[in-house]
Structures are given as structure tokens and as C-alpha cells.
Amino acid sequence: MLSPAEWEVIGLSLRVSLVAMAATLPLAYALAWLLARRRFPGKVLLDALVHLPLVIPPVVTGWLLLLAFGRNGPVGALLDRAFGLSLAFHWTGAALAAGVMALPLMVRAMRLSIEAVDRRLVAAARTLGASRWRAFRTITLPLSLPGILAGLVLGFARSVGEFGATITFAANIPGETRTLPLAIYTLLQTPGGEAAVTRLALIAVLLSLAALMASEWLVRRAAGRQAHVV
Amino acid sequence: MSFDLALTYRAGEREREVTIATPARILAVTGPSGAGKTSLLDCLAGLRRPLAGRAAIGSRAIFDAGAGIDLPPEGRRAGYVFQDMRLFPHLTVRRNLAYGVPGGRRAPALPADWPGFGEVARLLDLGPLLDRRPATLSGGEARRVAIGRAILSRPAFLLLDEPLASLDPARAERTMAMIERIVARVTVPAVLVSHEEREVERLAGAVLPLA
């Protein structure tokens, strides 16, 4: 039903999005925790910075990534020298763009769920001999799990759909950075590509729906396990 | 001295001062709501920082503004039975009870005859509750679990914040009898916050009235 090239596009999209999620998850949760639980100078600025990719044009985000992570950018040059790693025009660059674009959605979902964890429970854990770290690990983290899952799925859906920042920063290289949306866009420019567009569009919709339903199921299961009263 | 307290702390909008030194093992704190009773317990547990002063319980300094002593909550080892219980909603009763049980390399030295899991469960009649979730417990049951959890953490002292609040008379009497048995069994200092004169008279060796 699908051509090898189309399978390649789907495989690449999944790889880019999964790697983006795995790499972004710890950062997103740490930021969510900081914004939910801590007061520090520059908090408003950090909050704004995290949300930036949500409000500025994705093309601009891609361009900023190019400035920072391109071969001549400060971070890009450093990575190149230290690890021989180049992100621009590479599938890892597509993952970076997807992760950056997904970050605000992930932080928002996780922050809400951390704020919903009763701090009095954390205090109780401390009086029972738990260090800050153990109280976090055994109370805050498991109780905010539904938000982590929701954030991951939202972020994954956003990653699979990422277009503007990816094409700007990682370009549209077949087999390397041509993810689902880029492939659909390319096919739309090609005479006779309509059938393939339909197939890939359908796949994109199915992927997002599957992610959404998986998250609903996971969140419901987590909520059922920890029905919250006392 | 079981208790040697000289603390200034903030409770709501007001500043409070508390001074008491007593050898009594059980100290009752009484007073109308809003008098700062729970805030005082929070100060002793290390959950709230007093403005000034010092506090020693069982001749161990837990706070001394002058000497720069302010033990973190996990270092104070208060067996705090909160008025709102604060059972962990994602853990079974059994795992709630086990949460504070000392273990591992850094466990503090323990009195040899401290009651273990089985004895505490029996004293508080927790057997039938062990596999349930906190959300399914009645108020009285949750209270008993909270008391058991505090005792099993082998605390250096107990803080009981209105342990009979919101229990009907029959349950209150039963819970009271259990608390009596428990505090007779473990020989650590205890602070009891209570409205009930009868409860105070039955248990406490000294009374600290807050206005």
C-alpha cells in the first residue's frame, strides 16, 4: 500500500519525534518543577523564554536555531569542535527543532500537574524522615505522572506535525530531514502527487489520534490508581 | 527537661511568643482556633521557621536562632500526626505505614524495644485496612493510619494535632484509648493539641495555654 519511500518518511518522523521527546522530557520536567515550586529572580523571564516558541513564527525559531546551532553559531561550533557533531541539515537537527517547538506545551502540562500535588503531602514526607530528594521521588514525581504523560503525548503530536522550524533549520533533505509534513509539502509541489499526499496525510492524522487516545488511556489509568481524597 | 521552648513565631497575622520548660513527658497545647497551635507544631517539626528563640525537646536542641541551629524536618524526626492526616493517596495503607520506617545505612540508632509493624497494627487495629487506599478510609480509620505511620517512623518526639477532631463520641473514645496505649508504650516526649479538657486531663503532665 505504501511505497518504500513513504515508509522511510514515516520511520524518520517517528525517530525524530521519539528522540525529541526523550531528550526534551527531563528538561521540560525540570523547568515545570522550577516554575511550579520555586521563586527566584528572573522567573518571569524564564517563563516567557520557555513560551517563546509557542508565540513567535516557527520560521523565526528555525532561524534562531540556525544562528545558535549552525556550524558557525556559538553552540554549533562548540559541538562540532568537541564531539564532531553537526545538527544543522541533519536528522538530529530536525529532532532539536521538534523538541524546541514541543517544549512549551510539555512544560505547561507538567507544571499544572506539579502545582496540583499538595505540598502538605511533601511536608508530611519530610517529617517522616525523607530528604528533599526522596520526598520528590516518592511523592511529587508519582503524583504528577498524569501530567508527564499528557505533556509527552502533546509534545509528540506537536513534534510529528513540526514544519516551519524544521525546514528552516534542518532543511528538506530526503531520508535525512524530510519528515511527514515536509514530505506532504514536497508532494504538493509535485505534479501527480495527490494520491501519495492523501496516504501520508491519513497517516499523520492516525498517528496523532493514536497518541491522543494512548494518553487518555494512560492518564485515566494513573488517575484510577490514585483517586485523591484524604 | 522534656521540653525547653522559648520561641517567637508568626501565626497568621500575629506574632506569638511561647515560653515553657517542663519535665512532663506529655505537654498539652490548648487555646481557641487561630491561637497558633498548629503553627507552633509546624515550628517544632521544622516545617515553619520561627522568627527567633530556641527549642529543645528531650534535651536535644532542634532550633536555636542564636547558635545557628535549625535542623531540617528529616533531621528532627517528629512523629507528626497532622490534623488533616495527609496520607499519601497513591500508596496503600501498608505502604503509608512503612514510609517512615527507618532503614538503610543512615538510619539513626533506635531504642531496642520500639513497637514494630505487627504490634502497631494490632494496637491501632489496622489489620483489615492494610491493602486499602487512603481514599476508601473513613475519618477514624485514616486517623489511626496517620498515628501508626508516625509511630512507625520511630520519632524522637510526637506531635499530635487534635487527634480526636471530627470523630463521633464512640470513635473518639476508642481512638483516645489507643492513643493512651501508644503513648504509654513509647516513651518519647509528646505534644498534644486539643480542645477537649477531658483528653488533656487524662494524658498531659503540663499544659501550655495559647490565647
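Okay, let's start with a small detail in chain B: just after helix α1(B), B:G46 takes a positive phi of about 90°. Keep in mind as we go that this is a predicted model.

So what comes right before that glycine? Helix α1 of chain B covers residues 37-45, and it's mostly covered up, with eight of its nine residues buried. The buried ones are B:K37, B:S39, B:L40, B:L41, B:D42, B:C43, B:L44 and B:A45. Yes, B:K37 and B:D42 are on that buried list too.

Staying in chain B, let's look at a helix pair. Two packed helices are described by the angle between their axes and the distance between the axes. Here the pair is α5, residues 139-152, and α6, residues 169-185, both of chain B, and they pack at an angle of about 10° with the axes 11 Å apart. Because angles under 35 degrees count as roughly parallel, α5(B) is roughly parallel to α6(B). Which residues make the contact? From α5(B) you get B:G140, B:R143, B:R144, B:I147 and B:I151. On the α6(B) side it's B:R171, B:R174, B:T175, B:M178, B:I179 and B:I182. Sorted by class, that contact has five nonpolar, two polar and four charged residues.

While we're on arginines, there are a couple sitting over rings. In chain B, the charged end of B:R149 sits over the ring of B:F88, 4.6 Å from its centre. Another one goes between chains: A:R134 lies over the face of B:Y99, at 4.1 Å from the ring centre.

That takes us over to chain A. What is it built from? Eleven helices and zero strands, so if you read the elements from the N terminus on, you just keep saying alpha. The C-alpha trace spans about 70 × 40 × 30 Å along its principal axes. Of the 230 residues of chain A, 43% count as buried. And here's one for the contact-map people: among contacts in chain A between residues at least 6 apart in sequence, 70% join residues at least 24 apart.

Now, aromatics. Over all chains, the count comes to six aromatic pairs. A pair of aromatic rings is described by the distance of the centres and the angle of the planes. Take A:W33 and A:F136: the centres are 6.5 Å apart and the planes are at 80°, so that pair is edge-to-face. A:W33 lies in helix α1 of chain A, residues 4-37, and A:F136 in helix α7 of chain A, residues 132-143, so the pair ties together parts that are 103 residues apart in sequence. Buried or exposed? A:W33 is partly exposed, with a relative accessible area of 27%, while A:F136 is buried, at 17%.

The next pair is A:F163 with A:Y185, with centres 5.2 Å apart and planes at 65°, so that's edge-to-face as well. A:F163 is in the loop between α8 (145-161) and α9 (164-169) of chain A, and A:Y185 is in helix α10, residues 180-188, of chain A, which puts them 22 residues apart. Both are partly exposed: A:F163 has a relative accessible area of 28%, and A:Y185 has 38%.

Last one. Back at A:W33, ring pairs link A:Y29, A:W33, A:W133 and A:F136 into a cluster. That's what I have; happy to take questions.

Note on methods
Residues are numbered from 1 along each chain as its sequence is written. Chains are lettered from A and ligands numbered from 1 in the order in which they are written. This is a predicted model: local features need pLDDT of at least 70, side-chain atom pairs count only at pLDDT 80 or more; totals for chains, interfaces and linings use all residues. Side-chain values use heavy atoms; hydrogens and water are left out. Axes are lines fitted to C-alpha atoms, for helices over the stretch in contact, and angles run from 0 to 180 degrees between N-to-C directions. Helices (H or I, at least four residues) and strands (E, at least two) are DSSP runs, numbered from the N terminus. Angles under 35 degrees count as roughly parallel, over 145 as roughly antiparallel, 65 to 115 as roughly perpendicular and the rest as oblique. Contact means heavy atoms within 4.5 Å. Ala, Val, Leu, Ile, Met, Phe, Trp, Tyr, Cys and Pro count as nonpolar, Asp, Glu, Lys and Arg as charged, and the others, Gly among them, as polar. Rings of Phe, Tyr and Trp (its six-membered ring) pair if their centres lie within 6.5 Å; planes under 30 degrees apart count as stacked, over 60 as edge-to-face and the rest as tilted. Buried means under 20% relative accessible area, exposed over 50%, partly exposed in between (1.4 Å probe, protein chains only). A charge sits over a ring if NZ of Lys or CZ of Arg is within 6 Å of the ring centre and within 35 degrees of the ring normal.
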